[in-house]
Amino acid sequence: MAREKRKFVCQECGYTTPKTLGRCPGCKSWQSFAEEVEALITPERHRGIGQVSREPEPISQVKASDVERHLTGMLEFDRVLGGGIVPGSVVLIGGDPGIGKSTLLLQASDALSRNYGEVLYVSGEESVSQTKLRATRLGVRSDTLYVLCENNLEQIEKHIEARKPKVVIIDSIQAVYLSSIQSAPGSVTQVRECTGHLLICAKNRNIPIFLVGHVTKEGTIAGPRILEHMVDTVLYFEGERHHIYRVLRSIKNRFGSTNEIGIFEMQNTGLVDVMNPSEIFLNDREEQVSGSVIVSSMEGTRPLLMEVQALVVPTNYSNPRNTATGVDRQRIALLIAVLNKRVGIDVGDADVFVNITGGLRVDEPGIDLGVLMAISSSHRDIPVDRQTVIIGEVGLGGEIRPVTHVDRRIQEAAKLGFKRAIFPEYNRKGLDIDIDIELVGVSDVYDSLGALL
Ligand code: TYD
Ligand code: MG
């Protein structure tokens, strides 16, 4: 009989050692090791693995199977998935607690079960009656949506085998466990092995499986990094908890493009697709206040117009504060440095607050120039014209660097009634805009300030 193999696994990154260590050599976190028993390959597992292996075929003769995707009925969700769910794929959805992962999947399950047959929603965290309460609130009452409150994956697999559902939801992967593995649910080994089992299950039965994944305080999905490599699609559900907007972002997708985002509004009756996001993030565009500018960010295939606000005020502290919501603080520090060195605007003795309205998070460099303009506008207390959209990446030399899809960004702004676009001069060549809008090309920060303030 095989001897049990014990090992210590870092719960943050999955690094394994035979002896426990104070600090993980892999991810440098302290006291992160826990003892686990290594999963042994049982004859049963061997059979499972055996089933998926097939004969190699010449690619020219492989029939392109017309993959019929299942639609969730939530347009934004389907778009992020690349046009619906591919049967046999495993989709991991991560996000902060309370952001709305269960809500999203319960709503999607409703439509899926109506259109394609039985959906099995496995709730490892909430009781059946809690799920029912949420379902009532969401108006979910499909007869073919089945709820199962179970944490044991062997049991869950039995149910899948017996009921043959069309779609399975596991809420969450950290709550389920295999009894053949001794470590606790949520530990690296459990999460990895459970995901492995579910992958085989999805591929063998050709059913899509959604996994809900909790995130760590650093914002990545808890469990080993390889989890993201194992599954077909990784989506993050994010947003400011106190705002009504939620963004579903694709990080990895074997069946669609990544960096695609879907936008939802959290209402009393659940999540609702936001079809015209630019218009929503730009409401109340009447008054002119200093420090507020409109930028355009490419989110996947869509340009998204949004408002950046900055507030520059004399500090009361010996070290001025630099606070950012929705944008990277390091990026703000860099832009402040460029402003100082290249234009001579010094905000070093002031607190700088930067905010993207609507609770969005953006890390696209195309909004650099807009952020810089918002800071200068607030510093000088001169408003920027609200009919102008600002596009451009800022380099360390104060130069305005080209951005991707400049046409689409300008076109979108023109469609929404903007009168003027400030954009990188570099991008002018080959620019193809068929709607009337004034185009102002700029090559450095100095130019841009001249054009705007
Ligand atoms: P939930 O789906 O439980 O989040 P997660 O599964 O990611 O932890 O979302 C819970 C939050 O959503 C909770 O704070 C209340 C809010 N909510 C609404 O605003 N409207 C609704 O219709 C529902 C069901 C939830
Ligand atoms: Mg939940």
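Lys19 is exposed, at 64% relative accessible area (exposed means over 50%, buried under 20% and partly exposed in between, with a 1.4 Å probe and protein chains only). Its place is the loop between strand 2 (16-17) and strand 3 (33-37); helices (H or I, at least four residues) and strands (E, at least two) are DSSP runs, numbered from the N terminus. From Lys19 to Leu92, 73 residues along the chain, the C-alpha atoms are 32 Å apart.

A quick word on ground rules. This is a predicted model, so local features need pLDDT of at least 70 and side-chain atom pairs count only at pLDDT 80 or more, while totals for chains, interfaces and linings use all residues. Residues are numbered from 1 along each chain as its sequence is written, chains are lettered from A and ligands numbered from 1 in the order in which they are written, and side-chain values use heavy atoms, with hydrogens and water left out.

**The chain overall**

- The chain's secondary structure adds up to 12 helices and 21 strands.
- Its C-alpha trace spans about 80 × 50 × 50 Å along the principal axes.
- Of the chain's 453 residues, 50% count as buried.
- For a feel of the distances, take Ile160 and Asn427: they sit 267 residues apart in sequence, and their C-alpha atoms are 54 Å apart in space.
- Ile160 belongs to helix 5 (residues 153-163) and counts as buried, at 0% relative accessibility.

**Helix 3**

- Helix 3 covers residues 101-116, 16 residues in total, and runs 22 Å from first C-alpha to last, close to the 22 Å expected at 1.5 Å a residue (the expected span is 1.5 Å times one less than the number of residues).
- Most of helix 3 is covered, with 13 of its 16 residues buried.
- Right after helix 3 comes Gly117, which has a positive phi, near 115 degrees.

**Around ligand 1**

- The shell of ligand 1 has 16 residues, and the closest are Gly98, Lys101, Ser102, Thr103 and Arg134 (a residue is near if one of its heavy atoms lies within 4 Å).
- Helix 3, helix 4 (128-138) and strand 11 (261-267) each contribute at least two residues to that shell.
- By type, the shell splits into four nonpolar, eight polar and four charged residues; here Ala, Val, Leu, Ile, Met, Phe, Trp, Tyr, Cys and Pro count as nonpolar, Asp, Glu, Lys and Arg as charged, and the others, Gly among them, as polar.
- On the side-chain front, an N or O atom of Ser102 is 2.6 Å from an oxygen atom of ligand 1.
- The backbone joins in too: an N or O atom of Asn268 lies 2.9 Å from an oxygen atom of ligand 1, and a backbone N or O atom of Gly270 is also 2.9 Å from a ligand 1 oxygen.
- Ligand 1 on its own exposes 560 Å², and the protein buries 77% of that (areas are Shrake-Rupley values with a 1.4 Å probe).

**Aromatic pairs**

- There are three aromatic pairs in the structure; rings of Phe, Tyr and Trp (its six-membered ring) pair if their centres lie within 6.5 Å, with planes under 30 degrees apart called stacked, over 60 edge-to-face and the rest tilted.
- One of them is Phe77 with Phe210, a tilted pair at 5.9 Å centre to centre and 45 degrees between the planes.
- Phe77 is in helix 2 (residues 75-80) and Phe210 in strand 8 (residues 209-214), so this pair ties together parts 133 residues apart in sequence.
- Phe77 is buried at 0% relative accessibility, and Phe210 is buried with a relative accessible area of 0%.
- Phe237 and Phe264 make an edge-to-face pair, 6.0 Å centre to centre with 75 degrees between the planes.
- That pair links distant parts of the chain, with Phe237 in strand 9 (residues 233-238) and Phe264 in strand 11, 27 residues apart.
- Phe237 counts as buried at 2% relative accessibility, and Phe264 does at 0%.

**Backbone oddities**

- Most residues other than glycine have a negative phi, and most peptide bonds are trans.
- The peptide bond from Asp171 to Ser172 is cis, with omega near 10 degrees.
- Ser172 is located in the loop between strand 7 (167-171) and helix 6 (188-205).
- Lys164, not a glycine, has a positive phi of about 50 degrees; this residue lies in the loop between helix 5 and strand 7 and is exposed at 57% relative accessible area.
- His405 is not a glycine either, yet has a positive phi of about 50 degrees.
- The loop between strand 19 (400-401) and helix 11 (406-415) holds His405, which is partly exposed at 40% relative accessible area.

Technical notes:
Polar contact = N/O pair within 3.5 Å; in protein donor to acceptor, adjacent residues only side chain to side chain.
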